[in-house]
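Subject: A structure for you to look at

Hello,

Here is the structure I promised to pass on. Please open it alongside this message, and my notes follow below.

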Amino acid sequence: MRPRPPASPTRAREHLAILAGALAAGACGALFDQVTATISPEYFLDGKGLAASSLPFRLAVAWTGFRGGLPLGALVTGVGLVRAARSDRFSWRAWLARIVAALAAALALCPAVMAALDPFGVREASLGAWPPGAATRYLVCCGIHAGAYLGVLVGVLLDGRPALSRSPQPRAGRSSADPSTDS
């Protein structure tokens, strides 16, 4: 059995960057869910099952949002790191701006679609159980959450295509014709 080589300092920095991205997105998720819990407490109490939680409502909501944001932050940061390693033209500011644009579009579209279509029959199922208007707020909140995940995923997939391709883009000072420079 051969000993493993020690991890490079660059690899450790990349792991820390992914952790930092995940934690930042987790914090954003906790704040995001605080806003959406104000729109529809029913979404969290009944839809997410927080009525059975032993934590105070707002703390349970924050914890749910934090956990929901972690994988999105790791994904955005991880794909961004791959893109940065493959191209000298990569810009974190531009990368995040394009993801935020996709997120904003999805956040505008998904709640309207959910409220208009009611694909899960929430209005009918909630008759007599919730006050008037609660079902529509539930659907809007559900659409906001679906839009958040969808927007980030679409932004990463559309703008992350260079990172998903098999061959990296040539970096400055390297010739793609020289196989000794490819890794």
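In which helix is Thr36 found? Thr36 lies in helix α1, and I start there since this residue makes a handy way in. Please keep in mind throughout that this is a predicted model.

Thr36 has a relative accessibility of 2%, so it counts as buried, the cut-off for that being under 20%. Its side chain reaches the backbone oxygen of Asp33 at 3.3 Å. Setting aside residues up to four places away in sequence, Thr36 touches Phe44, Cys141, Ile144 and His145.

**The overall picture**

The chain has 7 helices and 0 strands, so to speak a plain α-α-α-α-α-α-α when read along the sequence. Of its 183 residues, 34% are buried. Among contacts with a separation of 6 or more, 70% are between residues 24 or more positions apart.

As for confidence, the mean pLDDT of the chain is 88, and 85% of the residues reach 70 or more. The stretch to treat with care is residues 174-183, where pLDDT stays under 50 and the model has 5 contacts beyond four places in sequence. Where pLDDT is low, the predicted coordinates should not be read in detail.

**The cores**

Phe44, one of the residues touched by Thr36, also belongs to the largest nonpolar core. That core has 15 residues, and the members that touch the most others are Tyr43, Phe44, Leu50, Val61, Val122, Trp130 and Tyr138. At least two residues each come from α2 (41-47), α3 (57-86) and α6 (134-159). The most come from α6, which gives 6 residues to this core.

Val122 is a good member to centre your view on. Leaving out neighbours within four places in sequence, Val122 is in contact with Trp130, Ala135, Tyr138 and Leu139. There is also a second, separate core of 8 residues, among them Leu72, Val76, Phe90 and Trp95. As general background, nonpolar side chains in soluble globular proteins tend to be buried together.

**The largest pocket**

The largest pocket has a volume of about 660 Å³. It is lined by 30 residues, and those closest to its centre are Ala25, Cys28, Gly69, Leu72 and Val152. Leu72 thus turns up in two places, as a member of the second core and by the centre of this pocket. The lining draws at least two residues from each of α1 (9-39), α2, α3, α4 (92-117) and α6. Here α3 gives the most, with 8 residues, whereas in the largest core the most came from α6.

**Asp159 and its partners**

Which residues does Asp159 contact, leaving aside its neighbours within four places in sequence? They are Arg83, Trp95 and Arg98. Asp159 sits in helix α6, and with a relative accessible area of 15% it is buried. A polar contact of 3.1 Å links its side chain to that of Arg83. Asp159 and Arg98 are 61 residues apart in sequence, yet their C-alpha atoms are 7.4 Å apart in space. Trp95, another contact of Asp159, is one of the residues of the second core.

**Loops and one more helix pair**

Two loop residues are worth a look. Ser126 lies in the loop between α5 (122-125) and α6. With a relative accessible area of 8%, Ser126 is buried, and its side chain reaches the backbone oxygen of Arg123 at 3.2 Å.

Asp118 is in the loop between α4 and α5. Asp118 has a positive phi of about 45° although it is not a glycine. Is Asp118 buried or exposed? At 14% relative accessibility, Asp118 counts as buried.

Finally, Ala112 is found in helix α4. At 47% relative accessibility, Ala112 is partly exposed, because that class runs between 20% and 50%. Ala112 and Gly143 are 31 residues apart in sequence, and 7.3 Å separates them in space, C-alpha to C-alpha.

That is what I have for now. Happy viewing!

Best wishes

Conventions. Residues are numbered from 1 along each chain as its sequence is written. This is a predicted model: local features need pLDDT of at least 70, side-chain atom pairs count only at pLDDT 80 or more; totals for chains, interfaces and linings use all residues. Side-chain values use heavy atoms; hydrogens and water are left out. A nonpolar core is a set of buried Ala, Val, Leu, Ile, Met, Phe, Trp, Tyr and Cys residues joined through side-chain atoms within 4.5 Å. Buried means under 20% relative accessible area, exposed over 50%, partly exposed in between (1.4 Å probe, protein chains only). Helices (H or I, at least four residues) and strands (E, at least two) are DSSP runs, numbered from the N terminus. Contact means heavy atoms within 4.5 Å. A polar contact is a pair of N or O atoms within 3.5 Å; within protein, one must be able to donate a hydrogen and the other to accept it, and residues adjacent in sequence count only if both atoms are side-chain atoms. pLDDT is the predictor's confidence in each residue, from 0 to 100. On a 1 Å grid over the protein atoms alone, a cavity is a set of points where a 1.4 Å probe fits but cannot get out, and a pocket is an open set with protein on both sides within 12 Å along at least five of seven lines; lining residues have an atom within 4 Å of a point. Grid points are joined across faces, edges and corners, and a volume is the space filled by probe spheres set on the points.
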